[in-house]
Structures are given as structure tokens and as C-alpha cells.
Amino acid sequence: MANTILRLPVVLKERGRSRSAHYQDIQQGLFTHPVQIGLRAVGWPSCEIEAINAARIAGKTDDEIRALVVKLEAARKTVI
């Protein structure tokens, strides 16, 4: 499956969260930071959204999700 970058409206729909709750999750380490895709545009890799949603569905704790978020953001640096 292709890894695409999704913009905020799609991310919010996939997560079932409001904009303010989404950004609060980012501040609390429960969701990855956005990727810059333009001067004034950001998005999130679809694979990260899927991984975090799967962890939520599996009943992972907030601490486990924070660890996943750290792992996902570190993986961004290894992609060429």
C-alpha cells in the first residue's frame, strides 16, 4: 500500500477527533507531529495514522501509544 501524506481534514475524519483535540494529542505525545509539505502546508503520513489507530483499537495505554509515537517519528529519519 502506498504511503501518502494526508491533510488535516482527512486525518480528523480518520481519527474521529476534533481539531483542538487532535492538536492537544500532539502536545501530549499521543500523536505524531505534522510533516511540512509546503511553505504553509502540513500533513501526516497515512501509515502513522493507521498505526496509531490500530494501537487505540487494540486497547493500548497512553504510555504505550507515546512510545509508538516516538518510534514512528524516529523512523521518519531513516527513510531515504
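## Helices, and where Asp63 sits

Helices here are DSSP runs of H or I with at least four residues, numbered from the N terminus. With that in hand, you can place Asp63: look for it in helix 4. Keep in mind that this is a predicted model.

So is Asp63 buried or exposed? Asp63 is exposed, because its relative accessible area is 57% and the cut-off for exposed is over 50%. Its side chain makes a polar contact with the side chain of Arg66, at 3.2 Å. Asp63 and Ile52 are 11 residues apart in sequence, and their C-alpha atoms lie 12 Å apart in space.

## The whole chain

Zooming out, the protein chain has 4 helices and 3 strands. Start at the N terminus and you'll meet them in the order β-α-α-β-β-α-α. The radius of gyration is 12 Å, close to the 12 Å from the globule rule for 80 residues, so the chain is as compact as a globular protein of that length.

Along its principal axes, the C-alpha trace spans about 35 × 30 × 25 Å. Take the contacts between residues at least 6 apart in sequence: 49% of them join residues at least 24 apart.

## Inside and outside

Of the chain's 80 residues, 31% are buried. The largest nonpolar core has 14 residues, and the ones touching the most other members are Val11, Phe31, Trp44, Ile49, Ile52 and Ile65. Helix 1 (8-15), helix 3 (46-57) and helix 4 (62-76) each chip in at least two residues of this core.

Which residues does Val11 contact, leaving aside neighbours within four places in sequence? They are Leu6, His22, Phe31, Trp44 and Ile49. As for the outside, the accessible surface is about 5500 Å², and carbon and sulfur atoms account for 58% of that.

Technical notes
Residues numbered from 1 in each chain as written. Predicted model: local features only at pLDDT ≥ 70, side-chain atom pairs only at ≥ 80, totals over all residues. Heavy atoms only, no water. Core = buried A, V, L, I, M, F, W, Y, C linked by side-chain atoms within 4.5 Å. Buried < 20%, exposed > 50% of the residue type's maximum accessible area, 1.4 Å probe, protein only. Contact = heavy atoms within 4.5 Å. Polar contact = N/O pair within 3.5 Å; in protein donor to acceptor, adjacent residues only side chain to side chain. Rg over C-alpha atoms; globule rule 2.2 N^0.38 Å. Areas by Shrake-Rupley, 256 points an atom, 1.4 Å probe, with all protein chains shown as cover.
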